[in-house]
Structure formats: C-alpha cells, structure tokens
Amino acid sequence: MPEGDTVFRTAQALGRALAGATLTASDLRVAALATVDLAGWAVEESVSRGKHLLLRLRPPDAATAAPLTLHSHLGMDGSWRVFTAGRRPAGPAHHIRAVLHTTEALAVGYQLKELALLPTTDEPARLGHLGPDLLGADFDADEAVRRLSRDPGATIADALRDQRHLAGIGNVYCAELLFLRGIWPWTPTAEVTDLPALVALARRVLLANSRRPVRTTTGSLRRGQTTYVYGRSNTPCRRCGTLIAVDNRGERVTYWCPACQPAGTAAPPGGAAPRTPR
Ligand SMILES: [Zn+2]
C-alpha cells in the first residue's frame, strides 16, 4: 500500500528516468486531460509531498506558456513504473492512466487515484492543506505535534492518518507506530503522553524506509517478517504471543496487540472498537 516512503521512492525513480529530458509524446487517459499533449515540455524535477507526486514541467517556449505540474496521487492501488523507451508497458492496459515518453525512457502511471495538470505556481494552493512532510528536508516536528494536538478528542489512529496533521502516514505506519509506542489506537490524542516521541519515531522509521526497497518496521527484510501488527490478525504478537486484533469495519483498517497496547479508560467513539481479538 503506497504510503509516504513509497511515494518518495517513486518520485526519485521518476526523477532519475525523466529529469532533464524532454517529453517526446504523452498520453493522459483521464477525461479532463484527454486532449493534452506534453510533447516538447521538459521535465524539471520530480518531488513528493506526503502521498502526492509532483512532476514539474518546463514549457517548450517560456515566452508563451508558464511551467506546469503533473500532479498525481497513488491512492490505495496506484503506481508509476519506468521502462526503457520502445518497451511495451507491463500490466493490464486498462489500468494505465498516464504515459510519458522521452527518447530514453517510458514512464507509465497505473490506477492513479488522481491525475491533474496545474500551473506550478498553484502547487501551494493545491497542497497547502498538508501538514509537515515526514520525508521533507523542511520537516517541522513542532508543527506536526501542534497540528496533532488541535483536535484533542480525535483518536490517535485517526489523527496520525490525517494528512493535514503530518503527511505520509497510512494504515501500515499508523498500526506499526502505535504498536512500537504501546498506544491503543482509540486513545484520544489528548491522552497520548508523549506526542513528540511518536512524531520523532514516525520521521525516523519513514526516513529509514525511504532508503531501502522493502518497507520494514521490525528491522527484518524477510517476507512475512516486516511488520509487528499490520496484516497479522489472529497471529501471535512477536513480543508477547497474544493474538493480534483487527478492526476493519470502517474505511480504515486497524491492527493492534491487545496486550502490548492496552485499552485506556476512555471509551472508543460510539463504543465501536473491539477490545479483544475476534
Ligand atoms: Zn503483544
């Protein structure tokens, strides 16, 4: 599942393949962009902000057009892949949303949740709602803590996944970070004793994973060994042996160890969250 580290690595791969090159053809398969032709536009750079990808483009003639940004969001299933020019893109054709050609490379976007073309100067307006980017060089931990604290009644799991607070965390990191800190996911944010430590851990774990091809929170790169709780319902906790619990009734899936992350005194919103594994 794409989270901040995946998007960061994707931006780097696109940058290596495209930055500095001029597009020779493009095919954007979303209704609003169907007639757009980016041939002649040069790729300036490829960057990520949280879970958003920004491909910045320079016009063929700076006198007649302003720089544009191709903005994409991977959602749950999206990806970008790079191929050598002339190769046939892998995967089902009906999943393809974007194709960018240069003389050397072919970049293909699959199942993108969002794809838009906007003036580069509009980036702040489009992404201004995002909290500090956990993988950004400009990451501001104090600001992230301040934003997390803004809604003290929200559960810490919801607060962590809200990209307006800090950008880059999805279901996987949410589950893993709360396990590592021993925090029950439905704890009200106001009752989490050390938010700065949680934010610092998030930054550390995402940074480490942005530099390796396989995401791990346990330190092990072996298949099936890379998470403590995520995706491990009804299997023994790696620390205490208690069966890992899962709550997947809402839009968001939450995994936790009922023993390592004991429920506090606060009742979950609506009394909905199970406290024991099912
Ligand atoms: Zn445990």
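Let's start with strand 2, residues 42-49, and strand 3: seven bridges join the two, and they run antiparallel. Keep in mind as we go that this is a predicted model. If you look at the pairing itself, R49 stands opposite H52 in strand 3. Strand 2 and strand 3 make a hairpin, with two residues between them. One of the details to look at there is G50 in the turn, which has a positive phi of about 60°.

Now, what does strand 3 pair with besides strand 2? It pairs with strand 4, residues 68-73, again in the antiparallel sense, and this pairing runs over six bridges. Here L53 stands opposite S72 in strand 4.

So how enclosed is strand 3, which covers residues 52-58? Five of its seven residues are buried, so strand 3 is largely enclosed by the rest of the structure.

Let me step back to the whole sheet. We have an open sheet of four strands in the order 2-3-4-8, with antiparallel pairing. Which strands sit at the edges? Those are strand 2 and strand 8, the latter at 114-119, and each of them pairs on one side only. From one strand to the next, the twist averages 20°. A general reminder while you have the sheet on screen: in a regular strand, side chains alternate between the two faces of the sheet.

Next, the helix that meets this sheet. Helix 1 lies across strand 2 and strand 3, and its direction is at about 170° to strand 2.

Helix 1, residues 4-18, also has a helix partner. It packs with helix 6, residues 195-210, at an angle of about 35°, and the axes of the two are 9 Å apart. Which hand does the crossing of helix 1 and helix 6 have, left or right? It is right-handed.

And who makes the contact? From helix 1 we have G4, D5, F8 and R9, and from helix 6 we have L206, N209 and S210. By character, the residues of this contact of helix 1 with helix 6 divide into two nonpolar, three polar and two charged.

To wrap up, please keep two pictures in mind: the open four-stranded sheet in the order 2-3-4-8, and helix 1 lying across strand 2 and strand 3. Thanks, everyone!

Notes: Residues numbered from 1 in each chain as written. Predicted model: local features only at pLDDT ≥ 70, side-chain atom pairs only at ≥ 80, totals over all residues. Axes fitted to C-alpha atoms, helices over the stretch in contact; angles between N-to-C directions. Left-handed = near helix turned anticlockwise from the far one by under 90°. Contact = placed C-beta atoms within 7 Å. Nonpolar A, V, L, I, M, F, W, Y, C, P; charged D, E, K, R; others polar. Buried ≥ 20, exposed ≤ 12 C-beta atoms within 10 Å, placed from the backbone. Pairing = 2+ DSSP bridges.
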